[in-house]
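Thanks for sharing this one; here are my notes, set out as numbered points so you can follow them with the structure open. I start in the sheet and work outwards from there.

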Amino acid sequence: MIGVVVPVHNEQDCLAQCLESLCLAVRHPGLAGERVDIVVVLDNCTDASAAIADAYPVETVCISECNVGVARHEGARLLLDRGARWLAFTDADTCVQENWLVSQCRAGCDAVCGDIRLIEWECLPSHWRRRYLDHRRLTGEGRHVHGANLGVSADAYRAVGGFPPLRAHEDVMLVHALKARGFRIAWNRTSRVMTSARREARAPEGLGSLLATIAGEAAQ
């Protein structure tokens with residue numbers, strides 16, 4: 001069984017599109033009918049996110065932590081208890097490709113770090129795009145970690161204790177722990193998800209915060 005975890009904090013504007021894309025990925029023939037369970041972790045939601053999730057073939061879990069690391073881990077724990085062999089993670093403001101799960105499971109590694117593409121990238125101001133690309137180059141080409149496009153085997157996840165309870169960079173810390181233990185990591189730049197370019201950050205120091213900073217610099 002494959003498990004998918006989507007942490008949600010007031011995502012009524014994006015959640016439906018995310019779940020639509022996941023439902024397509026679940027039905028990909030390359031999975032050969034393997035069961036896929038999707039868990040939506042509603043973290044202190046005060047909008048219509050819960051009602052939107054209820055319209056899809058997913059399970060919802062409610063927590064009140066305002067902590068993406070805790071939310072991801074709560075979903076992962078539930079799926080591991082059910083016997084999931086592989087865990088895939090994305091975000092509620094993200095749409096995955098139809099072959100997203102297939103490409104992760106066929107990578108032959110303990111973890112897969114995919115890439116992201118910003119929605120309506122071409123519409124963003126050119127100076128924003130340059131600043132964003134400059135920031136990505138600081139990390140090193142092809143070595144970016146995104147919680148919106150991440151997969152890990154159940155054995156590897158258990159071995160490192162899963163996501164730490166952090167409000168930001170929980171994805172990076174998980175991958176660092178996997179590397180430290182010698183697990184095989186695939187950096188798949190061709191596996192891209194489409195994620196929001198919004199500046200209203202859900203996690204401190206996350207992508208939204210970066211874009212807000214870029215916008216602030218441009219305004220000065």
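**Notes on the fold and its cores**

1. Let me begin with the strand pairing. E1 and E4 run parallel to each other and are joined by four bridges. Within that pairing, Val5 sits opposite Phe89 of E4. Please keep in mind that this is a predicted model.

2. E4 also has a partner in strand E7 (residues 150–153): the two are antiparallel, again with four bridges between them. Here Leu87 has Val152 of E7 as its bridge partner.

3. Which way do the E4 side chains point? Trp86 and Ala88 point one way, while Leu87 and Phe89 point the other, and all of them are buried.

4. Phe89 deserves a second look for its ring. There are three aromatic pairs by the rule applied here. In one of them, Phe89 and Tyr157 have ring centres 6.2 Å apart and planes at 25 degrees; planes under 30 degrees apart count as stacked, so this pair is stacked. Phe89 belongs to strand E4 (residues 86–89) and Tyr157 to helix H6 (residues 154–160), so the pair ties together parts that lie 68 residues apart in sequence.

5. Tyr157 has a further ring partner. With Phe163 it makes an edge-to-face pair, at 5.8 Å centre to centre and 65 degrees between the planes. Ring pairs thus link Phe89, Tyr157 and Phe163 into a cluster.

6. Are these three rings buried or exposed? Phe89 is buried, at a relative accessible area of 0%. Tyr157 is buried too, at 1%, and Phe163 is buried at 4%. A charged side chain joins the picture as well: Arg72 lies over the face of Phe163, 5.9 Å from the ring centre.

7. Now to helix H1 (residues 15–26). Its twelve residues reach 16 Å from the first C-alpha to the last, close to the 16 Å expected at 1.5 Å a residue. The buried residues of H1 are Leu15, Cys18, Leu19, Ser21, Leu22, Cys23 and Ala25. What covers them includes strand E1 (2–8), strand E2 (36–43), helix H2 (49–54), strand E5 (94–95) and helix H4 (100–105).

8. H1 matters to the next point, on the largest nonpolar core, which has 31 residues. The members that touch the most others are Val4, Val6, Leu19, Leu22, Val40, Trp100 and Leu101. Two or more residues come from each of E1, H1, E2, H2, E4, H4, strand E6 (111–118) and strand E8 (185–195). H1 gives the most, with six residues.

9. What does Leu22 touch, leaving aside residues up to four places away in sequence? Its contacts are Val4, Val6, Ile38, Thr90, Val96 and Trp100. Apart from this core lies another, of 28 residues, among them Met1, Ile63, Leu80 and Ile185.

10. Finally, some totals for the whole protein. It has eight helices and eight strands, and 50% of its 220 residues count as buried. Of the contacts between residues at least 6 apart in sequence, 75% join residues at least 24 apart. The stacked pair of Phe89 and Tyr157, from parts 68 residues apart, is a good place to look for an example of a link across the sequence.

Definitions and conventions:
Residues are numbered from 1 along each chain as its sequence is written. This is a predicted model: local features need pLDDT of at least 70, side-chain atom pairs count only at pLDDT 80 or more; totals for chains, interfaces and linings use all residues. Side-chain values use heavy atoms; hydrogens and water are left out. The expected span of a helix is 1.5 Å times one less than its number of residues. Buried means under 20% relative accessible area, exposed over 50%, partly exposed in between (1.4 Å probe, protein chains only). Contact means heavy atoms within 4.5 Å. Rings of Phe, Tyr and Trp (its six-membered ring) pair if their centres lie within 6.5 Å; planes under 30 degrees apart count as stacked, over 60 as edge-to-face and the rest as tilted. A charge sits over a ring if NZ of Lys or CZ of Arg is within 6 Å of the ring centre and within 35 degrees of the ring normal. A nonpolar core is a set of buried Ala, Val, Leu, Ile, Met, Phe, Trp, Tyr and Cys residues joined through side-chain atoms within 4.5 Å. Two strands pair if DSSP finds at least two bridges between them.
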